[in-house]
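Work through the exercises below with the structure open. Each task is followed by a solution in steps.

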Amino acid sequence: MTKDRLWALAVLLPSLILVGIFVYGFIGRTVYVSMTDWGNDPAQALAANPIIRWTGLDNYRELFTGFLQGRFRQELVSTVFFTLFFILGCLGLGLGLALVLDRNPKGEGLWRTIFLFPMSLSFIVTGTIWRWMLQPQGGVNQAPTLFGAPSSTFGWLSSTDAIWKFDWNKLPLITAAVVGVVLAVIAFRAFSSGERTRALVATACAALLFGWALFVGPNVKLLAAPELHGFNLALIGIVIAAVWQMSGYTMALYLAGLRGIPEELREAARVDGATEWQMYGRVIFPLLAPITLSAMIILGHISLKIFDLVYAMAGPDNTFTSVPALNMYLTSFRQNQFALGAAIGTILLILVAFVIVPYLSSSFRTEEGHA
């Protein structure tokens, strides 16, 4: 080993040790605790030397199939809907604002500052502001009176109505169908690009999943009775507040991407007879695809572990707006069920990994290809 490598190792070693202990060590400890019964016995939860027994995957089984964990299952469904609408809202509004600013309007610097300002606020501040605006007598419900219409009575944070409901017992069937469709798309693309081995493997896996969904899936029951979950309308206000805060961030990303597109490409498209719509659809938007992917990864990561915005807007006990991160906090530090809270945290870690790891893998492959 050369002297330079030794110096590099010596400089990096303290950081590696700290990261290993306080990041990966604590992650490992959380996973271990999630497979014990720590906190299931109230007398042992806060004991100086609690008796902790290994229970394997019992806590995870309880979360997904336990009679008393319907709240957690609804929170998972709410997180999926929240993530979907949050990402779509931020991308759509951010792209729209970036397209407007890309045309160099008068006072562009001022508008850019205004659009970016919400991003400088914490989610606690944003939640406090929007909670005041969305209360029954708040500004949003009173806005129709400015046009002579009666005030709105919609319960932005208190509604108990839900739409797009489905039975939790059908989750394995739905999951198999979705994964099967994704594998079918991968197989089609692999066939189109000539990757026959990859295409055959994806096709075989998709066929197995579809076969399971047709013949076995309908008979699989996670719960003894039907349990309906859907998109709670009380989440709409939280989605609006989150989009308001983070759309400026996506605007900045898209604006940087638009400003980085050479003007020669636009001129060449115009010379070839492309209209403005064709230029954006066939030249500009495809070039913004990497930025869209990066924004989706970052926004998805934020939405999966969101806590403070929901806490500030709806409080900890509103089950119609609750999310897994909030439930993890309450389970661990209010109910002292540390193992069950650790299991919720581990599930959140897995969900975030599903979003982050493919992106990092793709980025590393791209860097190696350019190297």
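**Exercise 1. Describe how helix α4 packs against helix α13 in this predicted model.**

Solution. Step 1: two packed helices are described by the angle between their axes and the distance between the axes. Step 2: for α4 (residues 70–101) and α13 (residues 289–304), the axes come within 9 Å and cross at roughly 140°. Step 3: angles over 145 degrees count as roughly antiparallel and those from 65 to 115 as roughly perpendicular, while the rest between these ranges are oblique; α4 and α13 are therefore oblique to each other. Step 4: the hand of the α4 and α13 crossing is right-handed.

**Exercise 2. List the residues through which α4 and α13 meet, and sort the contact by class.**

Solution. Step 1: α4 contributes T79, F82, T83, F86, I87, C90 and L91. Step 2: on the α13 side the partners are T292, A295, M296, L299, G300, I302, S303 and L304. Step 3: by class, this contact of α4 with α13 holds ten nonpolar and five polar residues, and no charged ones.

**Exercise 3. Characterise M296: where does it lie, is it buried or exposed, and what does it touch?**

Solution. Step 1: M296 lies in helix α13. Step 2: its relative accessible area is 37%. Buried means under 20% and exposed over 50%, so M296 counts as partly exposed. Step 3: leaving out residues up to four places away in sequence, M296 touches I87 and L91. Step 4: for a reference distance, M296 and L223 are 73 residues apart in sequence and 34 Å apart in space, C-alpha to C-alpha.

**Exercise 4. Treat the packing of α5 and α10 in the same manner.**

Solution. Step 1: helix α5 (residues 108–116) and helix α10 (residues 235–259) pack at about 140°, with axes 8 Å apart. Step 2: α5 and α10 are therefore oblique to each other. Step 3: E108, R112, F115 and L116 in α5 meet G248, Y249, M251, A252, L255 and R259 in α10. Step 4: the classes in the contact of α5 with α10 are six nonpolar, one polar and three charged residues.

**Exercise 5. Which residues have the most contacts inside the largest nonpolar core, and which helix gives the most to this core?**

Solution. Step 1: the largest nonpolar core has 57 residues, and F86, I238, M246, L309 and M313 have the most contacts inside it. Step 2: α4 gives the most to this core, with 13 residues. Step 3: take L309 as an example; apart from residues up to four places away in sequence, L309 touches F123, T126, G127, I238, A241 and A242.

Methods
Residues numbered from 1 in each chain as written. Predicted model: local features only at pLDDT ≥ 70, side-chain atom pairs only at ≥ 80, totals over all residues. Heavy atoms only, no water. Axes fitted to C-alpha atoms, helices over the stretch in contact; angles between N-to-C directions. Helix = DSSP H or I, 4+ residues; strand = E, 2+ residues; numbered from the N terminus. Parallel < 35°, antiparallel > 145°, perpendicular 65-115°, else oblique. Left-handed = near helix turned anticlockwise from the far one by under 90°. Contact = heavy atoms within 4.5 Å. Nonpolar A, V, L, I, M, F, W, Y, C, P; charged D, E, K, R; others polar. Core = buried A, V, L, I, M, F, W, Y, C linked by side-chain atoms within 4.5 Å. Buried < 20%, exposed > 50% of the residue type's maximum accessible area, 1.4 Å probe, protein only.
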